[in-house]
Amino acid sequence: QVHLVESGGGLVQAGGSLRLSCAASGRTFRNYAVGWFRQAPGKERELVAALSWAGGSTRYTDSVKGRFTISRDSAKNTWYLQMNSLKPEDTAVYYCAAKPTPTSPDYDYWGQGTQVTVSS
């Protein structure tokens, strides 16, 4: 069983930065895909960024391209979301997630969520 623990959320002013971390335990991530989702009040959950653990390829939703960076530390079984130039519309609960392969249809494992609030 994979257990994910998130950290790093908080309150920041517009234009500021935050870094989210997701530490995984229970399995070695060789071929997994990992990602960060967010859900704002009244909105559907959306995939913000994804990373292929083996190859390191990444993809982002258009609204965060050039501002957010997903990365991993294989030795620590941890991945990150560096968020720069934050905007009020980035306010949401952020969740890390993982699935066994990049082509798996669903993310099977989820973190508990961390609140990110960007004030204007």
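In this predicted model, residues 24 or more positions apart account for 55% of the contacts in the protein with a separation of 6 or more. Burial covers a fair share of the chain too: buried residues make up 42% of the 120 residues. The radius of gyration comes out at 13 Å, close to the 14 Å that the globule rule gives for 120 residues, so the protein is as compact as a globular protein of that length. Along its principal axes, the C-alpha trace spans about 40 × 25 × 25 Å. As for the surface, the protein exposes about 6200 Å², and carbon and sulfur atoms supply 46% of that area.

The secondary structure is quickly told. There are 0 helices and 11 strands, so from the N terminus on the elements simply read β-β-β-β-β-β-β-β-β-β-β. Strands of a sheet pair through backbone hydrogen bonds, either parallel or antiparallel. One sheet here is open and has 4 strands, in the order β1-β3-β8-β7, with antiparallel pairing. Its edges are formed by β1 (3-7) and β7 (68-73), each of which pairs on one side only. From one strand to the next, the twist averages 15°.

Inside that sheet, β3 (residues 18-25) and β8 (residues 78-83) run antiparallel and are joined by 6 bridges. One residue pair can be picked out: C22 has W79 in β8 as its bridge partner. C22 turns up again in the surroundings of N77, a residue found in the loop between β7 and β8. Leaving aside residues up to four places away in sequence, N77 touches C22, A23, A24, R27, T28, F29 and W53. With a relative accessible area of 13%, N77 falls under the 20% cut-off and is therefore buried.

Then there are the charged side chains. Side chains of opposite charge can pair when their charged atoms come close. The count comes to 4 salt bridges in this model. Among them is the one between R67 and D90, whose side chains meet at 2.8 Å, N to O. R67 lies in the loop between β6 (58-60) and β7, while D90 sits in the loop between β8 and β9 (92-99), so the pair ties together parts that are 23 residues apart in sequence. Both ends of this bridge are covered: R67 counts as buried at 10% relative accessibility, and D90 is buried with a relative accessible area of 0%. The R67 and D90 pair does not stand by itself, as salt bridges that share partners join R38, E46, R67 and D90 into one network.

Within that network, the side chains of E46 and R38 meet in a salt bridge of 2.7 Å, N to O. The two residues fall into separate accessibility classes: R38 is buried, with a relative accessible area of 7%, whereas E46 is partly exposed at 28%. A further salt bridge links the side chains of K65 and D62, at 2.9 Å, N to O. D62 has a relative accessibility of 60%, which is over the 50% cut-off, so this residue counts as exposed.

Terms used. Residues numbered from 1 in each chain as written. Predicted model: local features only at pLDDT ≥ 70, side-chain atom pairs only at ≥ 80, totals over all residues. Heavy atoms only, no water. Pairing = 2+ DSSP bridges. Helix = DSSP H or I, 4+ residues; strand = E, 2+ residues; numbered from the N terminus. Axes fitted to C-alpha atoms, helices over the stretch in contact; angles between N-to-C directions. Buried < 20%, exposed > 50% of the residue type's maximum accessible area, 1.4 Å probe, protein only. Contact = heavy atoms within 4.5 Å. Rg over C-alpha atoms; globule rule 2.2 N^0.38 Å. Areas by Shrake-Rupley, 256 points an atom, 1.4 Å probe, with all protein chains shown as cover.
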